Amino acid sequence: MAGDGAMTRVAPTSMPRAGMVDGAVEAARPAGLRAAAATALMLASGFAGLGYQIVWTQQSAMWLGHETAAILAVVTAFFGGLALGAAVTGPAIERSRHPARWYVGCELVVGAWGSLLIFCMAPLGALIVAWTGPAPTPVGQWTSAFVGTLVVLLPATAAMGATLPAIERMVVGTRGGARSIAGLYAANTFGATLGALATAFWLLPAFGLARTAAVCVACNLACAAATMLWRRRQPPPGMPPQGAPPAIAPTASVQVSMLLAVTGLLGIGYEVLVVRVLSEVAEDTVYTFALLLAVYLLASAGGATAFGRWSTRRVGRDADAALDSDRLLGGLSLACLSSIVALWFGDAIRDAVVRLLGAGLSSALAGEGVLAVVAFAAPSFAMGALFSQLSARASAAGLSFGRALGCNIAGAACAPLLFGVVLLPGLGAKTALLLVPCGHLALVRASASRDGAVTARVLQGTRVSVTGRRGDWYRIKYDVKGNVGWVYRTA
């Protein structure tokens, strides 16, 4: 009988041979080495990026005349350049057989432009001031600050924006996976945290602006050199998988792109508003700014790491990506609202810490650190998890990582101008802050309905598994990957 024959032929192939196991281990080693090297590069690159941001903010404050204006202008220039670099180079990097060359080139561009600005930032700032004129209107002054800073920093920031897609593409073994994206994002963000703290508390006081910028340049050059040496010892990564495109409607990629952009806008808008509010409570020094950035970035890295581990444990289970987004958006809205309420007691929190530790610089910094944790820890953790989840969702919808990153950062680039220059003076701090959790909550889908976006199309006659029901709507698993969606009872 056929069944008996099939049973007799199972045993000889059911036990793996030692050679097969050894071959699998050897094949896995390059991917593991690539992942470890990519993590180290992301740490160093993030360190240099935030070091540059703090140095350039201090330099810009000298010709803009105010540190608040410098923070808004530099943050806008950073995110604008990052978005442009990720969006323009992302598709080419995705198609390239040599992403390491892209990464090396980008690091060299950042290092070269950073070296140039050590000597040219002051003269360029003087040119922008002269262009602005002696008595500019408020609109003219803000325009020259934002546009001038963007142009001055653009070559470096655009190259920075291309580094994360290049690194992500180098990690071929986990390309497109949620863990890959979350891990790289977490490593880059953790490096940025170290860069913010080391620059403000050690490098600037010990070496000054020019030498601190030179340290950042050295990090870029070291990353480029290490990548070139490492690339010679590793086999070149393969091309991205060219299988059939996912059965996802175009509206799915548009929807996730919009979510990435709006959450980027709201996330940096929250950062801008909180920094402005706490500047009235704290000492408003470079140390304050560095502490706020450090907590914001460290919590974001923690959220990305947590999502990466959680998504790994969910492999093989039913996954409703849109529902996961809704849950994270709801949690983020609640976290922002809780932190906003706590901020109104900022003076009392700071004074309590100072009384506990006694008067002095260390107690003042401790008070500011506690305020930073209260304001940023929970919201930033949720933001990091949400960005990683949306990035993985974008990849599943066929959107390249460069474009996904570009959408998120493009929204972030609009935040300093919208929240810091328009909404804060026009509405006040309380109302402007409350718009952030309301905005996140508005992105949550109310329920399964005919007005929802089409995320996939299933051919008539396809066998599906019903996993839940809500009224006349059925939750189904429609493919072998475990993706789920909602269909109406008459479908």
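## Helices 4 and 6

A crossing of two helices is called right-handed if the near helix is turned clockwise from the far one by less than a right angle, and left-handed if the turn is anticlockwise. In this predicted model, helix 4 passes helix 6 in a crossing of the right-handed kind. Helix 4 covers residues 67–95 and helix 6 covers residues 138–170, and their axes come within 4 Å of one another while crossing at roughly 40°. That angle makes helix 4 oblique to helix 6, because an angle has to be under 35 degrees to count as roughly parallel.

## Helices 10 and 14

A second pair is formed by helix 10, which spans residues 321–343, and helix 14, with axes that come within 8 Å and cross at roughly 165°. Helix 10 is therefore roughly antiparallel to helix 14, since angles over 145 degrees are placed in that class. The handedness of this crossing is left-handed, as helix 10 passes helix 14.

## A salt bridge within helix 10

The structure holds three salt bridges. One of them joins the side chains of D324 and R327, with an N to O distance of 3.7 Å. Both D324 and R327 belong to helix 10, where they lie three residues apart, or about one turn of the helix.

The two partners differ in their accessibility class: D324 counts as buried because its relative accessibility is 8%, under the limit of 20%, whereas R327, with a relative accessible area of 57%, is exposed.

## The network in helix 11

D347, R350 and D351 are linked in a network of salt bridges. Within this network, the side chains of R350 and D347 meet at 3.8 Å, N to O, while the closest N and O atoms of the salt bridge between D351 and R350 are 3.1 Å apart. R350 and D347 are three residues apart in helix 11, which runs over residues 346–357, so about one helical turn separates them.

As for accessibility, R350 counts as partly exposed at 23%, and D347 is likewise classed as partly exposed, with a relative accessibility of 41%. D351, at 30% relative accessibility, counts as partly exposed too, because the class in question lies between 20% and 50%.

## A nonpolar surface patch

L337, V341, W344, F345 and L434 together make a nonpolar surface patch of about 460 Å². Among these residues, L434 has its place in helix 14, which comprises residues 429–442. The relative accessibility of L434 is 38%, and L434 therefore counts as partly exposed; this value is compatible with membership of the patch, because patches are made of residues with over 30% relative accessible area and no salt bridge.

## W102 in helix 5

W102 is found in helix 5, a helix that extends over residues 99–132. With a relative accessibility of 32%, W102 counts as partly exposed. Although W102 and A159 are 57 residues apart along the chain, a distance of 9.5 Å separates their C-alpha atoms.

Technical notes: Residues are numbered from 1 along each chain as its sequence is written. This is a predicted model: local features need pLDDT of at least 70, side-chain atom pairs count only at pLDDT 80 or more; totals for chains, interfaces and linings use all residues. Side-chain values use heavy atoms; hydrogens and water are left out. Patches are made of residues with over 30% relative accessible area and no salt bridge: like charges are joined within 9 Å, nonpolar side chains (Val, Leu, Ile, Met, Phe, Trp, Tyr) within 5 Å. Accessible areas come from the Shrake-Rupley method with a 1.4 Å probe; for residues, only the protein chains shown count as cover. A salt bridge is a side-chain nitrogen of Lys or Arg within 4 Å of a carboxyl oxygen of Asp or Glu. Helices (H or I, at least four residues) and strands (E, at least two) are DSSP runs, numbered from the N terminus. Buried means under 20% relative accessible area, exposed over 50%, partly exposed in between (1.4 Å probe, protein chains only). Axes are lines fitted to C-alpha atoms, for helices over the stretch in contact, and angles run from 0 to 180 degrees between N-to-C directions. Angles under 35 degrees count as roughly parallel, over 145 as roughly antiparallel, 65 to 115 as roughly perpendicular and the rest as oblique.
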